[in-house]
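This briefing goes through one structure, topic by topic. Please have the sequence and the coordinates open while reading.

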Amino acid sequence: MRCVIARFPFDLIKSEVEQSMEGITPEPVTGVSVTIGRRKYPVKQVGEVITKQDRRDFTAHEMRRALTRLGFTCHDAPAVTPAPEVPSGAAPWIR
């Protein structure tokens, strides 16, 4: 499938993307992610590996769109857990 990422055209094939990601350890997921095989990768990490571009050159949205069109399952960013509240009777320097 032909797609444009960071103004450059790429011909991507699902099996080639899977093969490129073999042996790559997933980074911690903090934003949009994609499931490749049994692993969950940040889309920016996958984009950097398959395009050989710096991940600052393209957006997560571009990669999500391309990976979804290839048939991969993409996931939204995980929910942010709020920090625990400090009890009102705690020492003032803790607040």
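**Cysteines**

Cys-3 has a relative accessibility of 6% and therefore counts as buried, the limit being under 20%. The model is a predicted one. The points below cover the cysteines, helix H3, Ser-33 and the contacts between charges and rings.

- Cys-74 is buried as well, at a relative accessible area of 16%.
- The number of disulfides in the model is zero. A disulfide would be a covalent bond between the sulfur atoms of two cysteines.

**Helix H3**

- Helix H3 spans residues 60-70, and its buried residues are Glu-62, Met-63, Ala-66, Leu-67 and Leu-70.
- Viewed down the axis of H3, these buried residues fall within an arc of 120°, so they line one face of the helix.
- His-61 and Arg-69 are exposed and lie on the other side of H3.
- The partners against which the buried residues of H3 pack include three strands: E1 (2-5), E3 (33-36) and E5 (73-75).
- Two helices, H1 (14-21) and H2 (43-51), also pack against the buried residues of H3.
- Gly-71 follows H3 and has a positive phi, near 105°.

**Ser-33**

- Ser-33 belongs to strand E3, one of the elements that the buried residues of H3 pack against.
- With a relative accessible area of 1%, Ser-33 is buried, because the cut-off is under 20%.
- Leaving out residues up to four places away in sequence, Ser-33 touches Lys-40, Tyr-41, Pro-42 and Val-43, and also Thr-73, Cys-74 and His-75.
- Cys-74, among these contacts of Ser-33, is itself buried.

**Charges over rings**

- Lys-14 lies in helix H1 and is partly exposed, at a relative accessible area of 32%.
- The charged end of Lys-14 sits over the ring of Phe-72, 5.1 Å from the ring centre.
- Lys-14 and Phe-72 are 58 residues apart in sequence, while their C-alpha atoms are 8.1 Å apart in space.
- Neighbours within four places in sequence aside, Lys-14 is in contact with Leu-70, Gly-71 and Phe-72. Of these, Leu-70 is one of the buried residues of H3, and Gly-71 is the residue with positive phi that follows H3.
- A second lysine, Lys-44, has its charged end over the ring of Phe-58, 5.2 Å from the centre of that ring.

**Aromatic pairs**

- How many aromatic pairs does the structure hold? The count is zero.

Note on methods: Residues are numbered from 1 along each chain as its sequence is written. This is a predicted model: local features need pLDDT of at least 70, side-chain atom pairs count only at pLDDT 80 or more; totals for chains, interfaces and linings use all residues. Side-chain values use heavy atoms; hydrogens and water are left out. Buried means under 20% relative accessible area, exposed over 50%, partly exposed in between (1.4 Å probe, protein chains only). Helices (H or I, at least four residues) and strands (E, at least two) are DSSP runs, numbered from the N terminus. The arc is that of the directions from the helix axis to the C-beta atoms. Contact means heavy atoms within 4.5 Å. Rings of Phe, Tyr and Trp (its six-membered ring) pair if their centres lie within 6.5 Å; planes under 30 degrees apart count as stacked, over 60 as edge-to-face and the rest as tilted. A charge sits over a ring if NZ of Lys or CZ of Arg is within 6 Å of the ring centre and within 35 degrees of the ring normal. A disulfide is a pair of cysteine sulfur atoms within 2.5 Å.
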